[in-house]
Amino acid sequence: MTPNELTALLQSMSLDEKIGELYQLSATYLDVDAVTGPADELGLSAEDVARAGSCLSVTGAKVLHAIQQRHIARQPHHIPMLFMADIINGYKTIFPVPLGQGATFDPALVEECAAVAAREAAAAGVHVTFSPMADLVRDARWGRVMEATGEDPYLNAQLAAAMVRGYQGPDNRLTDKGRLAACVKHFAGYGAPMGGRDYNTVELSPRALREDYLPAYRAAVEAGAALVMTSFNTLDRVPSSANRWLLRDVLRREWGFDGVVISDWAAVKELIAHGVAEDDAQAAELALRAGVDIDMSTGVYARNLKALLDAGRVTQALIDEAALRVLELKNKLGLFEAPDKDGSEADERALLQCPAHRDAARRAAAASFVLLKNDAAFWPLRREETVAFIGPYAAEDRLHGAWSVFADDHDCVSLAEGLRAAYPERRMTFAPGCPLLGPDVQISAYQPDPLPDPDAALAEALALAARADKVVLALGEPREFTGECASRTDIALPACQLDLYRRVREVNPNVGVVVFGGRPLDLREIDAGAQAVLAAWLPGTEGGAALARVLCGDDAPTGKLPMCFPRGVGQVPMSYDHLRTGRPLTHSYLDARFCSQYIDAPNESLYPFGHGLTYTTFAISPVTLDRADMTAGGVITAAVRVTNTGSRPGTETVQLYLRDLVGSVARPVRSLKGFRKVTLPPGESADVAFTIREDMLRFWNIDMDYVSEPGAFEVYIGADSTTDNKAQFTLVK
Ligand code: GLC
């Protein structure tokens, strides 16, 4: 349809039809076979349900075709429905959780994962995915850190844009086959809830919001994301779904976003619980005025907008503006001409978990693993070694993240399956040793299957450990411990697993630990006693196959931490790019006690942002700059030489950090501004150069202007955020 045809369509629609475009119902209301869904729970009539312009969480070409045909037939203007779903880390081929994808530091690979997810979900009839989740996360207590790509604004921005390109295509031509419209979420600041407790209050300064939390959403919008989802939380005590400043001033006026704003699940109705709306009617009024186009999964818009219009509390223009945006989105997807878009049972059969997609999943899983420690070259395992693989994750095949909504529970390749398939000739034994959770843990949301005889399981594991050259412990928190409504007050491994670790080490000190899960965990005791530690996250469909190859050396780990591993929950929230404070550890004018520190732990994380080892070693030369001063409009080239100083080929991710030594406001001790992967054979070197531009020095200054300020800057280039490999330049104006 042309814009004029769309406008004409809007003008020909009744008020009921226009309002119908502004609410979304879940699958339960639209079950083709159900006579009536729980519509009455929402006070919706059958006509209300019939008018819903979109639905979520139902997939499948055949089912969606039936829903679409019925909907179009009942629509006075035969306007097709939008089908949306949470395709977060894959549809049926499951990729590492986004936090694991963050560890790849590989935008092209993350884009490929999103593109595969789009091909599969589009074949299943889906039009929109509620991804990328671009929330910055610095608090490991929050269950949804698994769904984010980490603690750094720059890395998150790169990867959020990559996901949008993967879903929508580099040219954002949504009518093309295999594309999904991307919905960036949760706008804004949802990743910083107080206490790490989901849905809790977010208190951010305007400067912290703009400096750290908004860049990734903006990158997704600038990459062309077709939708934005409002977050559950308040910002400066204003719930996002009622935040006109956020939605109309920042998102639409400043950033130029002209797509659809959809609320999170019931977030419009929750304006009542927040205490900013007396009732549904006021909630609807506040949200529509703020700029929320679609009310997800409640009847608040459906039941109140007409009366609000009659009462003059909202205008026809507001309703038309929102309805036209939804029609424009349907038009961008080509739904008026092709209501089923890509939905095809034949394509589903051909694409879902096809070999090419599984290969992408295995490559992504391998690239997500982060080698945190590897003393005495514990890994890779040698062919002649007898190795006992012990722990509840050794044979666990539920390796898909909490938002793998459409995955089949036992679809993933477990570590044991991966090892047996690839290395049948090796001497390997396997035993769980303990359950994922012991009887001491009572978490209402989840109770794992208990082992039939825990004592026998432990005895079997210890016997295998005693007879092995090495033990690889496969430990981690249950996948149900992460995701939405899964905040924890502690980030320790389950006690039964720590006990297993201690008992195994008593019979065999040659222990390496693979840690699974969706958040950084407290690994102090593991780090102190294990020779090697590797973070595997929740690696998805091919997780075990990829891990087998990495542990046995056919692949090498290349991941880098996108979020630091704290020494314990007492340190969080934390991030590498903190401010210096007036009493840093290095100050010298007072007794050493009087500085910003703990009396019971160091300030630093256990494993820092950007950290990750591999099976060789690299040397990075001192930083050289091609000039000492940067003038307005000028650039500086910072370079290092990277050398593979080990005996195996390997990949290093060289990271560029900048530091503004003095600003009109306090500045971070450093900020990531670039990274480059370098793969080298043993003994070889490569030069890596970064171009530093003036715009990379800009920040929100004392007047809340986004500018650079003259003065001295330090350039750090190294293998993680703790590098002290630096040089200095001056910005002159
Ligand atoms: C959930 C989540 C959001 C998701 C939506 C639809 O509550 O907060 O991320 O996309 O509802 O499932």
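I will walk through the ligand surroundings, two cis peptide bonds, one unusual backbone angle, an arginine in a helix and one pair of packed helices. Please keep in mind throughout that this is a predicted model.

Let me begin with the ligand, which is surrounded by 13 residues, the closest being Asp-86, Arg-144, Lys-185, His-186 and Asp-264. Among these, Lys-185 places a polar side-chain atom 2.8 Å from an oxygen atom of the ligand, and for His-186 the corresponding distance, again from a polar side-chain atom to a ligand oxygen, is 2.6 Å. Glu-484 also takes part, with a polar atom of its side chain lying 3.1 Å from an oxygen atom of the ligand.

Staying with the backbone around there, strand E5 covers residues 181-187, and Phe-187 is joined to Ala-188 by a cis peptide bond whose omega is about 5°. Ala-188 itself belongs to the loop that runs between E5 and helix H8, the latter spanning 206-213.

A second cis peptide bond leads from Trp-379 to Pro-380, with omega near 0°, and here Pro-380 sits in the loop between strand E11 (370-374) and strand E12 (387-390). A further backbone detail concerns His-78, which is not a glycine and yet has a positive phi of about 55°; this residue is found in the loop between helix H4 (61-74) and strand E3 (82-85).

Next, consider Arg-248, which is part of helix H10, residues 244-254. A polar atom of the Arg-248 side chain lies 2.6 Å from the backbone oxygen of Arg-289. If we set aside neighbours within four places in sequence, the residues in contact with Arg-248 are Arg-253, Leu-288, Arg-289, Ala-290, Gly-291, Leu-318, Glu-321 and Arg-325.

Finally, how do helices H7 and H9 pack against each other? Helix H7, residues 153-168, and helix H9, residues 215-222, have their axes 8 Å apart and meet at an angle of about 25°. Because angles under 35 degrees count as roughly parallel, H7 is described as roughly parallel to H9, and the crossing in which H7 passes H9 is right-handed. On the H7 side the contact is made by Pro-153, Asn-156, Ala-157, Ala-160, Ala-161 and Val-164, and on the H9 side by Pro-215, Ala-216, Ala-219 and Ala-220. Sorted by character, the residues of this contact comprise nine nonpolar and one polar, with no charged residue.

Methods
Residues numbered from 1 in each chain as written. Predicted model: local features only at pLDDT ≥ 70, side-chain atom pairs only at ≥ 80, totals over all residues. Heavy atoms only, no water. Axes fitted to C-alpha atoms, helices over the stretch in contact; angles between N-to-C directions. Helix = DSSP H or I, 4+ residues; strand = E, 2+ residues; numbered from the N terminus. Parallel < 35°, antiparallel > 145°, perpendicular 65-115°, else oblique. Left-handed = near helix turned anticlockwise from the far one by under 90°. Contact = heavy atoms within 4.5 Å. Nonpolar A, V, L, I, M, F, W, Y, C, P; charged D, E, K, R; others polar. Near = heavy atom within 4 Å. Polar contact = N/O pair within 3.5 Å; in protein donor to acceptor, adjacent residues only side chain to side chain.
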